[in-house]
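Reader: I would like a close look at one part of this model. Please take me through the contact between the two chains, and then the helices behind it.

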Amino acid sequence: MAHNDQLKVHYKWMREALNVAESALDVREVPVGCVYVYQGKVIGRGFNRTNITLNGTRHSEFEGYDEIREKYKNFREILKETDLYVTVEPCIMCASLLRQLEIRRVFFGCANIRFGGNGSVLQVHKDLSPNAHDFNVKMERTYPSYPGILCQEAIILLRKFYLLENEKSPSTIVKKQRHLEMESFPKLDYDKYLNRDEFTDMFGKKYGYIYDGNDFIEFSDQGDIVNLQQDTGRKRQRIN
Amino acid sequence: MTIKSADIDYDKYIFYNEFQRIQPSQSMVRPDLEMYWVTSIEPSQSSLIIKLIKQKFQYTTGQTKHLKRFKKKLDVEKHVILDVAICPTSDIDEDKLREILKEGLNVQNISLLKTEIPTNKPFDRELNMEWSKRYWPLVWKGNPMVQELHESFKLFSRDTTMKYLEEISDISEKSTKDVPVVTMFVDPRTDTVKSIQEDERCDEDPMKHSIMCCIDDIAKKELKRRQLVKDDKEINSYLCLNYDVYTTHEPCTMCAMALLHSRIGRLIYIEESPVTGAIGEKSGCRYMIHISCTLNWKYECFRYMGNALPKRRIDPLVQI
């Protein structure tokens with residue numbers, strides 16, 4: 001597949017993951033959503049359900065995994081050929097789950113600064129234990145993880161959630177100055193998650209400057225990248 | 001309670017010769033640096049800035065206890081200038097901060113720069129001086145590690161710990177499961193067992209590690225209870241907050257992080273998992289998950305080193 005066609009596919013599935021995430025808002029859950037895609041078809045989806053279940057481990061990745069294993073007897077084989085699209089970088093726990101399940105690839109929207117296990121805090125997706133050799137064992141295969149697909153949209157959803165929760169909160173002190181911030185976003189340091197070659201192999205050689213400038217990937221509604229090279233260095237309001 | 005120094009090995013962090021507290025060796029400790037906004041002011045403005053910090057950045061006092069707010073320096077004409085640490089750069093963007101400072105200090109020109117500041121405390125006086133010189137002036141109030149060990153030791157009961165370890169070890173020894181791992185969650189405030197689970201992994205679900213089973217079990221029991229008593233009060237949703245967790249084998253990355261998400265207080269395990277473990281300093285990928293996300297939550301870990309409990313070996317490749 002040409003890069004362009006591939007990109008349209010990733011764009012489409014991330015939109016789908018965002019839709020799943022958005023439905024979490026109705027039940028007052030943190031809007032993180034995911035879809036698992038196997039042979040061009042969604043086979044599992046989920047959003048974060050830590051409040052409803054009273055279980056801090058019920059992240060979207062676990063919800064989607066449970067759907068898949070209930071539906072497919074040979075889910076272990078299927079997962080090895082499955083890609084995950086998740087709106088927020090998997091946390092360390094989920095990064096390890098995905099590793100143990102031998103997922104094929106992960107695509108995510110925004111970084112998970114506090115808990116991220118695909119590069120933000122730890123690189124659970126690609127680390128190998130230096131002790132494996134001593135015990136003569138081979139660890140589960142690693143998986144590549146691609147950040148930044150609809151990054152801002154994922155952040156806006158999270159901001160919406162915190163705004164809604166604040167409105168419901170009785171404390172008025174924090175309410176002042178609260179509005180949905182749509183202009184400034186924390187930048188994404190691509191090199192934490194993947195190297196330049198991995199980036200250009202996925203998104204196309206001509207977009208290397210996005211990686212170099214830590215720019216956001218901007219998509220048209222059709223899923224084409226519309227960043228212009230002169231955008232690099234353009235003054236953007238950024239936290240950090 | 002008086003602390004008998006023979007009960008603590010300060011070099012290897014071992015209590016009663018049998019329980020090793022898992023923490024980084026001092027020689028390995030590096031500063032965890034965070035970027036801070038730093039502004040330079042005239043000494044005469046110091047009361048204004050203190051007032052401003054109290055008004056707008058009061059929340060930073062917890063995370064900056066180990067820091068001095070001010071750093072003295074001399075400008076080219078040998079005038080004293082004060083550098084002031086405001087807050088992490090990720091908290092506020094430059095333009096907004098400039099506005100706040102302009103207003104608070106009542107001046108037009110604000111000098112603002114980014115500086116890396118250690119978020120952790122070094123262990124000895126010399127290192128404290130080194131970091132103070134290199135990064136930012138730090139307060140020295142004695143070796144924090146000794147204080148931390150003493151605090152930890154005071155809360156550690158050998159008898160209680162052994163009682164629970166014997167119980168799970170017993171179940172593990174008799175277990176007929178593929179992976180004979182047993183975990184128990186205890187609420188230390190009431191000394192009650194909240195859940196005991198064995199590893200339930202199977203073809204239908206290979207991820208049913210015993211720790212995940214316990215967390216799930218506790219959540220389901222509480223959901224049921226709330227349905228029965230029609231309790232719609234929004235109480236703390238962290239059900240395992242500050243719990244003690246006893247487990248026969250060092251957990252994998254997934255389970256160790258699940259414990260962090262559940263905000264447990266302590267983990268005590270018996271057998272190490274050299275390849276897949278995520279706690280020990282030399283285990284697995286050297287993650288030490290319990291202290292990997294310290295800005296959010298951390299828990300204490302101990303490994304039982306004695307010989308009083310039988311140990312069941314497990315294939316090193318198995319994620320526990």
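Author: Here is the interface, followed by helix packing and salt bridges.

This is a predicted model: local features need pLDDT of at least 70, side-chain atom pairs count only at pLDDT 80 or more, and totals for chains, interfaces and linings use all residues. Residues are numbered from 1 along each chain as its sequence is written, chains are lettered from A and ligands numbered from 1 in the order written, and side-chain values use heavy atoms, with hydrogens and water left out.

Start with the interface. In chain A, 44 residues are in contact with 44 residues of chain B (contact means heavy atoms within 4.5 Å). About 3,400 Å² is buried between chain A and chain B, and carbon and sulfur atoms give 63% of that. Buried area is the accessible area (1.4 Å probe) that two parts lose on being put together, summed over both.

Now the polar side. The rule finds 10 residue pairs in polar contact across the interface, both at pLDDT 80 or more. A polar contact is a pair of N or O atoms within 3.5 Å; within protein, one must be able to donate a hydrogen and the other to accept it, and residues adjacent in sequence count only if both atoms are side-chain atoms. Between chain A and chain B there is 1 salt bridge (a side-chain nitrogen of Lys or Arg within 4 Å of a carboxyl oxygen of Asp or Glu). Arg69(A) pairs with Asp205(B), with the closest N and O atoms 3.3 Å apart.

Which helices of chain A supply the touching side? H2 (50-53), H3 (60-71), H4 (75-79) and H5 (92-100) each give at least two residues. Helices are DSSP runs (H or I, at least four residues; strands are E, at least two), numbered from the N terminus. H5(A) has the largest share, 5 residues. By class, the side of chain A that touches chain B holds 21 nonpolar, 13 polar and 10 charged residues. Ala, Val, Leu, Ile, Met, Phe, Trp, Tyr, Cys and Pro count as nonpolar, Asp, Glu, Lys and Arg as charged, and the others, Gly among them, as polar.

Two of these helices also meet each other. Glu61(A), Phe62(A) and Tyr65(A) in H3(A) touch Met93(A), Cys94(A), Leu97(A) and Leu98(A) in H5(A). That contact has 6 nonpolar, no polar and 1 charged residues.

Finally, the wider count: 35 salt bridges over all chains. One of them joins Asp191(B) and Lys163(B), at 3.3 Å, N to O. Asp191(B) sits in the loop between strands E8 (182-187) and E9 (192-198) of chain B and Lys163(B) in helix H5 (residues 158-174) of chain B, so the pair ties together parts 28 residues apart in sequence.
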